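Trainee: I've never looked at this one before. Could you walk me through it, one question at a time?

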Amino acid sequence: MAGTAGKVIRCKAAVAWEAGKPLVIEEVEVAPPQASEVRLKILFTSLCHTDVYFWEAKGQNPLFPRIYGHEAGGIVESVGEGVTDLKPGDHVLPVFTGECKDCAHCKSEESNMCSLLRINTDRGVMLNDGKSRFSIKGKPIYHFVGTSTFSEYTVVHVGCLAKINPLAPLDKVCVLSCGISTGLGATLNVAKPPKGSTVAIFGLGAVGLAAAEGARIAGASRIIGVDVNSNRFEEAKKFGVTEFVNPQHHNKPVQEVIAEMTDGGVDRSVECTGNVDAMISAFECVHDGWGVAVLVGVPHKEAVFKTHPINVLNERTLKGTFFGNYKPRTDLPSVVEKYMNKELELEKFITHSVPFSKINEAFELMLKAESLRCIIRME
Ligand SMILES: NC(=O)c1ccc[n+]([C@@H]2O[C@H](COP(=O)([O-])OP(=O)(O)OC[C@H]3O[C@@H](n4cnc5c(N)ncnc54)[C@H](O)[C@@H]3O)[C@@H](O)[C@H]2O)c1
Ligand SMILES: [Zn+2]
Ligand SMILES: [Zn+2]
């Protein structure tokens, strides 16, 4: 690999030329990393809803041609000027949000919302020079959330790379680079259910099931899964979900159904749907006096959260979280260790796997809600 440092690399990338149209595998040129940047070889990447959402480009500024992808595992090929934390050969997880280690957020123990490297879905270029590192015959191709992992090689800011245990299998731990860490951290870092408590999880997609996995790890005794799609219930049993509620099967609000099941409400709830009504239910179903609700889902722009203030006065807490409150560089390596120690199970999230040439099949599976995570193998 040393032979490629400082040179343009030609490799394959899946390029989105237009919104909603199948990606096309193209030969692209990947420029060397500049100051504070790292070029890495992607070995495995997986598809997350955020990729599909921006590829469909409904209601956002479309930015094409673009290389999507943000959940991945790779190996450092070369580093730019000033990069001392990483060297060629290091195993890394790229993350859509970064940690500069220098801003007020990075210095705060309570925040992971770095001012410099916080997710930016509109920017399709590198911070350094406002340019793309990808091109086809000299024509630039835009980046996506600073990661663009649907490419054999990509360039990422060093602050968006977590250096992990080189023994960790990248085809498994790559799913920790977005959705699974988000749900897991929402429970373990934010909801913090005490051992033996009752936890409700709204939305049983990959993020919600990761939140359930967090509840299982924390030792919750009852985990109530809430979803409008009952097809999710069978799979959710593998994640420790003990009871199921489909709000559409009841003629009263789901928060009342849950209050009856739990003698007044759950101890913790984690919302992973993105639906504002589910967010309100997730808050109103927690027990007064101590209940904590955590919002994870990303709502529509116009959505408004409404609840009677008495619900808060009665000592319920409402919280929200971004990337499960994990600081990417500081905290992700230890999440990988949880997997290595067999505390955390990842295999059950990986329902499908396809070679890079069939990346469009991963999109189809996600659109049909048939997959939790589909691993895309680059080699
Ligand atoms: N905060 C963060 O940092 C962060 C990071 C990643 C993803 N997310 C968000 O998390 C959410 C979940 O992501 P996912 O990939 O698991 O999505 P998903 O679509 O796979 O799962 C969502 C589930 O919610 C269910 N659902 C929808 N409306 C519902 C309702 N009213 N009541 C009950 N269930 C309902 C759906 O049937 C589905 O099973 C999304 O909104 C996503 O944007 C947030
Ligand atoms: Zn994601
Ligand atoms: Zn920062």
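Mentor: Sure. Before we talk about places along the chain, here is how the elements are named: helices and strands are DSSP runs, at least four residues for a helix and at least two for a strand, numbered from the N terminus. Keep in mind as well that this is a predicted model.

Trainee: Okay, let me try that out. Where does Ser151 lie?

Mentor: Look for the two strands on either side of this residue. Ser151 sits in the loop between strand 7 and strand 8.

Trainee: Is Ser151 buried or exposed?

Mentor: The cut-off for buried is under 20% relative accessible area. Ser151 has 0% relative accessibility, so the residue counts as buried.

Trainee: And which residue offers its backbone oxygen to the side chain of Ser151?

Mentor: Look for a polar atom of the Ser151 side chain and a backbone oxygen 2.6 Å away. That oxygen belongs to Tyr153.

Trainee: What about Val145, is that residue buried or exposed?

Mentor: Val145 is found in the loop between strand 7 (139-141) and strand 8 (153-157). Its phi is near 40°, a positive value in a residue other than glycine. With a relative accessible area of 5%, against a cut-off of 20%, Val145 is buried.

Trainee: Let's go to the metal. Which residues coordinate the zinc ion (ligand 2)?

Mentor: Check the donor atoms: two are SG and one is NE2, at 2.0 to 2.2 Å. Along the chain the donors follow the spacing C-x21-H-x107-C. They are Cys48, His70 and Cys178.

Trainee: How many residues apart are His70 and Cys178?

Mentor: This pair links distant parts of the chain. His70 is in the loop between helix 1 (49-56) and strand 4 (71-79), while Cys178 is in the loop between helix 3 (170-173) and helix 4 (179-191). The gap is 108 residues.

Trainee: Are those two buried or exposed?

Mentor: Use the cut-off of under 20% again. His70 has a relative accessible area of 2%, and Cys178 has 6% relative accessibility. So His70 is buried, and Cys178 counts as buried.

Trainee: What joins Phe64 and Pro65?

Mentor: Start with the place: Pro65 is in the loop between helix 1 and strand 4. Omega there is about -10°. Phe64 and Pro65 are joined by a cis peptide bond.

Trainee: Ala57 caught my eye too. Is Ala57 buried or exposed?

Mentor: Ala57 lies in the loop between helix 1 and strand 4, and its phi is near 50°, a positive value in a residue other than glycine. Its relative accessibility is 15%, so Ala57 counts as buried.

Trainee: Now the empty space. Which residues are closest to the centre of the largest cavity?

Mentor: The structure holds one cavity of 30 Å³ or more, and about 180 Å³ of space lies in the largest cavity. Of the 16 residues lining the largest cavity, the closest to its centre are Arg123, Leu127, Val145, Gly146 and Cys160.

Trainee: How many residues of each class are in that lining?

Mentor: Sort the lining of the largest cavity into nonpolar, polar and charged residues. The counts are eight nonpolar, five polar and three charged.

Trainee: What is the volume of the second largest pocket?

Mentor: Its lining includes Leu204, Asn229, Arg232 and Lys368. By class, that lining has four nonpolar, three polar and four charged residues. The volume of the second largest pocket is about 160 Å³.

Trainee: Which residues are closest to ligand 1?

Mentor: Ligand 1 is surrounded by 23 residues. The closest are His49, Asp227, Val296, Thr321 and Phe323.

Trainee: Which residue has a polar backbone atom 3.1 Å from an oxygen atom of ligand 1?

Mentor: An oxygen atom of ligand 1 is 3.3 Å from a polar backbone atom of Ala206, and a nitrogen atom of ligand 1 is 3.5 Å from one of Val228. The contact at 3.1 Å is with Val298.

Trainee: Last one: is Val304 buried or exposed?

Mentor: Val304 lies in the loop between strand 14 (292-295) and helix 9 (310-313). Exposed means over 50%. At 55% relative accessibility, Val304 therefore counts as exposed.

Key. Residues numbered from 1 in each chain as written. Chains lettered and ligands numbered in written order. Predicted model: local features only at pLDDT ≥ 70, side-chain atom pairs only at ≥ 80, totals over all residues. Heavy atoms only, no water. Donors = N, O, S within 2.8 Å, 3.2 Å for Na, K, Ca; no water. Buried < 20%, exposed > 50% of the residue type's maximum accessible area, 1.4 Å probe, protein only. 1 Å grid on protein atoms, 1.4 Å probe; cavity = no way out; pocket = protein on both sides within 12 Å on 5 of 7 lines; lining within 4 Å. Points joined across faces, edges and corners; volume = space filled by probe spheres on them. Nonpolar A, V, L, I, M, F, W, Y, C, P; charged D, E, K, R; others polar. Near = heavy atom within 4 Å. Polar contact = N/O pair within 3.5 Å; in protein donor to acceptor, adjacent residues only side chain to side chain.
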